[in-house]
Amino acid sequence: MIALISSMPEEGRLFIRQLKKRSVAAGRPVYKGMIHGKEVIYTVSGMGKVNAAHTATVLLEKFSPDVVVLFGVGGAYPSTGLNVGDIAIAEKEVYGDEGVHTGRGFKGADFIGIPLLRKGRKKYFNEFWLDKRLAKAAVESLKQFAPHCTHSCGFKAGTFVTVSTGTGTENRAGELQRRFGAICENMEGASVAHVCTIYGTPMIEIRGISNIVEDRDKARWDLRLASDNCQRVVMEVIKSLKGVGE
């Protein structure tokens with residue numbers, strides 16, 4: 001089974017239409033069905049880390065999916081080469097504001113010395129790597145699919161940053177991009193990667209770029225284009241996954 005999560009229903013319109021059967025888990029509608037011959041469930045988490053982590057936990061406990069796919073829109077950092085409507089794929093998720101501010105600036109959880117997760121001998125502080133095989137499969141799917149997007153659809157894989165406060169200035173965007181070597185920011189990804197790491201469940205995260213992270217100007221955003229391109233890419237990635245959900 002493949003579990004799909006987006007933070008907002010607008011980010012999953014295509015799946016809501018296609019997955020007809022519904023159940024309820026922890027008060028959330030869960031849509032079920034088959035896509036490209038694979039068993040799929042989809043639900044909406046709501047915005048932010050707690051909602052996303054709770055949703056992922058509920059799906060993992062109740063349905064035991066083989067793979068979790070988190071998708072939706074996100075903001076690309078300047079100078080990444082990504083444009084509105086492009087696609088970003090997470091290789092690694094980073095909590096962008098778990099840590100401490102010092103006289104020398106921000107320091108992550110490793111500076112405090114308390115890991116956010118211990119699993120066996122491994123300690124996790126701010127960083128959670130996503131499944132490399134799945135990320136590679138997504139990139140390969142995009143190589144085939146991107147030329148056929150309705151609008152121009154470039155793509156890039158790299159580090160995502162999860163923040164509690166969305167970035168609304170170019171200076172702050174540059175700071176986060178340099179600190180983490182990141183290409184994209186969002187408000188849910190690291191928490192879902194955290195939960196998937198606890199359960200040992202592979203995860204992939206795909207974001208359509210709705211805006212460049214700069215001085216906030218929503219007139220330059222395109223949420224619909226980003227969301228539509230992202231959903232179509234997720235459909236293609238589902239098709240490409242071998243031996244999952246079949």
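Reader: Which residues have the most contacts inside the largest nonpolar core?

Author: Happy to start there, with the reminder that this is a predicted model. The largest nonpolar core has 34 residues. Those with the most contacts inside it are I41, L59, F63, V68, A88, V192 and M203.

Reader: Thanks! Which element gives the most to this core?

Author: Several elements give two or more residues to this core, among them β1 (2-6), β5 (67-76), α6 (189-199) and α2 (49-63). With 7 residues, the element that gives the most is α2.

Reader: How many residues are in the second, separate core?

Author: That core is separate from the one above and includes I2, V69, C153 and M235. Its residue count is 30.

Reader: Back to L59: which residues is L59 in contact with, leaving aside neighbours within four places in sequence?

Author: L59 is one of the residues with the most contacts inside the largest core. With those close sequence neighbours set aside, its partners are A3, I5, V30, I41, T43, S64 and P65.

Reader: T43 is on that list, so is T43 buried or exposed?

Author: T43 lies in strand β4, residues 38-44. Not counting residues up to four places away in sequence, T43 touches L4, I5, S6, R28, P29, V30, T55 and L59. Its relative accessibility is 1%, and because buried means under 20%, T43 counts as buried.

Reader: And F111, buried or exposed?

Author: F111 is found in helix α3, residues 109-112. Together with I112 and I114, F111 forms a nonpolar surface patch with about 320 Å² of accessible area. Since exposed means over 50%, the 51% relative accessibility of F111 makes it exposed.

Methods:
Residues are numbered from 1 along each chain as its sequence is written. This is a predicted model: local features need pLDDT of at least 70, side-chain atom pairs count only at pLDDT 80 or more; totals for chains, interfaces and linings use all residues. Side-chain values use heavy atoms; hydrogens and water are left out. Helices (H or I, at least four residues) and strands (E, at least two) are DSSP runs, numbered from the N terminus. Buried means under 20% relative accessible area, exposed over 50%, partly exposed in between (1.4 Å probe, protein chains only). Contact means heavy atoms within 4.5 Å. A nonpolar core is a set of buried Ala, Val, Leu, Ile, Met, Phe, Trp, Tyr and Cys residues joined through side-chain atoms within 4.5 Å. Patches are made of residues with over 30% relative accessible area and no salt bridge: like charges are joined within 9 Å, nonpolar side chains (Val, Leu, Ile, Met, Phe, Trp, Tyr) within 5 Å. Accessible areas come from the Shrake-Rupley method with a 1.4 Å probe; for residues, only the protein chains shown count as cover. A salt bridge is a side-chain nitrogen of Lys or Arg within 4 Å of a carboxyl oxygen of Asp or Glu.
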